[in-house]
Amino acid sequence: MFVHGWWGGPWVWQHFQPYFSALGYDCQVMDFGDCNGRGGKSNGDTFTSRYQQVLERVRSLEHPVVIGHSAGGLLAQKLVEEVDLPAVVLLGSAAPRGIFPVRTGPLMRAAIRNAPTFLLRRPFLPSRKDMYSLNLNLLQPDQQDWIYDRMVPVSPQEAFEVIFSGVPVRASRVRTPMLVLSGAEDRLTPPSVARAIGRKYGADYLEFPDHAHYLMWEHNWQEIADEIGRWLKRVTPA
């Protein structure tokens, strides 16, 4: 089961879903039902409400492996605090409470520019310039345009919950095998954050040079999918 992060949708997985289907997996994609909220609209979700949707979906499946990207990775971390799964894979995952996330200059500057949005509790979608620099920095211009035009704002409730309150995860309750992946050029959730997440859970860790935050869309995304497939075959041989 694939879980996308902020601003995304099921389309985030349009390369990975057929790839893993070809390996024999029954692939499903979380769809949170976001509408295109340009112009100030958002769906009003919180992290907690999204988590409940993921939890309900997971409990309806037999032996699900969860692959989460960005904030979807944070949802997956919270999930395995409560549910033992065969395996979890995190790509460019957001950090839980206790791991400081703002570690790059571009992210710090973007956070300052967007501070009024957070403080005034407005739907949160960074500017095209910020998104291309932070989130989509190693994609081709036509890919950047295509993705940004499909992005939706994060609800102010969810943004405040994750950024200011933080999401606690008790590592002592996590028994699920976990693989953490990071792009060396990721400016949003840089490798230092990914390594800290890996240490928190004693997870396996892979870092890819010449990759950034959108690992499943960037050049040579198949190499990353291959690594995930090999890891899954090793930890879930059945």
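This briefing describes the strands, the salt bridges and the enclosed spaces of the structure above. The model is a predicted one, and every value below is computed from its atoms. At its core is an open sheet of five strands in the order 1-2-3-4-5, with parallel pairing. Eleven salt bridges are counted in the model, and the structure also holds five cavities of 30 Å³ or more.

**The sheet**

- The five strands of the open sheet follow the order 1-2-3-4-5 and pair in parallel; strand 1 and strand 5 stand at the edges with a single partner strand each, so one side of each is left without a neighbour in the sheet.
- Strands of a sheet pair through backbone hydrogen bonds, and the pairing can be either parallel or antiparallel.
- Strand 1, which covers residues 2-3, pairs with strand 2 in the parallel sense over two bridges, and V3 stands opposite G68 of strand 2.
- Strand 2 is also joined to strand 3 (residues 88-91) by four bridges, the two strands running parallel, and the bridge partner of I67 in strand 3 is V89.
- Between these two strands the chain passes from strand 2 through helix 3 to strand 3, making a β-α-β crossover that is right-handed.
- In a regular strand the side chains alternate between the two faces of the sheet.
- In strand 2 (residues 66-69) both faces are covered, since V66 and G68 on one side are buried, as are I67 and H69 on the other.

**Salt bridges**

- D145 and R128 meet through their side chains in a salt bridge, with an N to O distance of 3.8 Å, which falls inside the 4 Å cut-off used for such a contact.
- Because D145 belongs to helix 7 (residues 141-148) and R128 to helix 6 (residues 128-134), this pair ties together parts that are 17 residues apart in sequence.
- D145 counts as partly exposed at 34% relative accessibility, and R128 is likewise partly exposed, with a relative accessible area of 34%.
- A salt bridge also links the side chains of D204 and R234, at 3.4 Å from N to O; D204 lies in strand 5 (residues 204-208) and R234 in helix 10 (residues 221-235), so the pair ties together parts that are 30 residues apart in sequence.
- Within this pair, D204 is partly exposed at 33% relative accessibility, whereas R234 is exposed at 55%.
- Helix 10 also holds the pair E227 and R230, whose positions are three residues apart, about one turn of the helix; their closest N and O atoms are 3.3 Å apart in a salt bridge, and E227 is partly exposed with a relative accessible area of 25%.
- Salt bridges that share partners join D45, R50 and E158 into one network.

**Cavities and a pocket**

- Rolling a probe the size of a water molecule over the atoms shows where empty space is left.
- The largest cavity contains about 50 Å³ of space, and its lining is made up of H4, G5, W6, W7, G8, V12, H69, S70, N135, L188, H213 and Y214.
- By class, the lining of the largest cavity comprises five nonpolar and seven polar residues, with no charged residues; one of the lining residues is H69, which is also among the buried residues of strand 2.
- The second largest cavity contains about 50 Å³ of space and is lined by H4, G5, W6, F32, F47, R50, A71, L75 and E158.
- For this second largest cavity, helix 2 (47-59) and helix 3 (71-82) each supply at least two residues of the lining, and the lining divides into five nonpolar, two polar and two charged residues.
- R50 and E158, which are among the residues lining the second largest cavity, also belong to the salt-bridge network with D45.
- The second largest pocket holds about 450 Å³ of space and is lined by 18 residues, of which Y25, D26, H63, P64 and V65 lie nearest its centre.
- The lining of the second largest pocket has twelve nonpolar, four polar and two charged residues.

Note on methods. Residues numbered from 1 in each chain as written. Predicted model: local features only at pLDDT ≥ 70, side-chain atom pairs only at ≥ 80, totals over all residues. Heavy atoms only, no water. Buried < 20%, exposed > 50% of the residue type's maximum accessible area, 1.4 Å probe, protein only. 1 Å grid on protein atoms, 1.4 Å probe; cavity = no way out; pocket = protein on both sides within 12 Å on 5 of 7 lines; lining within 4 Å. Points joined across faces, edges and corners; volume = space filled by probe spheres on them. Nonpolar A, V, L, I, M, F, W, Y, C, P; charged D, E, K, R; others polar. Pairing = 2+ DSSP bridges. Right-handed = clockwise from strand over helix to strand, strands pointing away.
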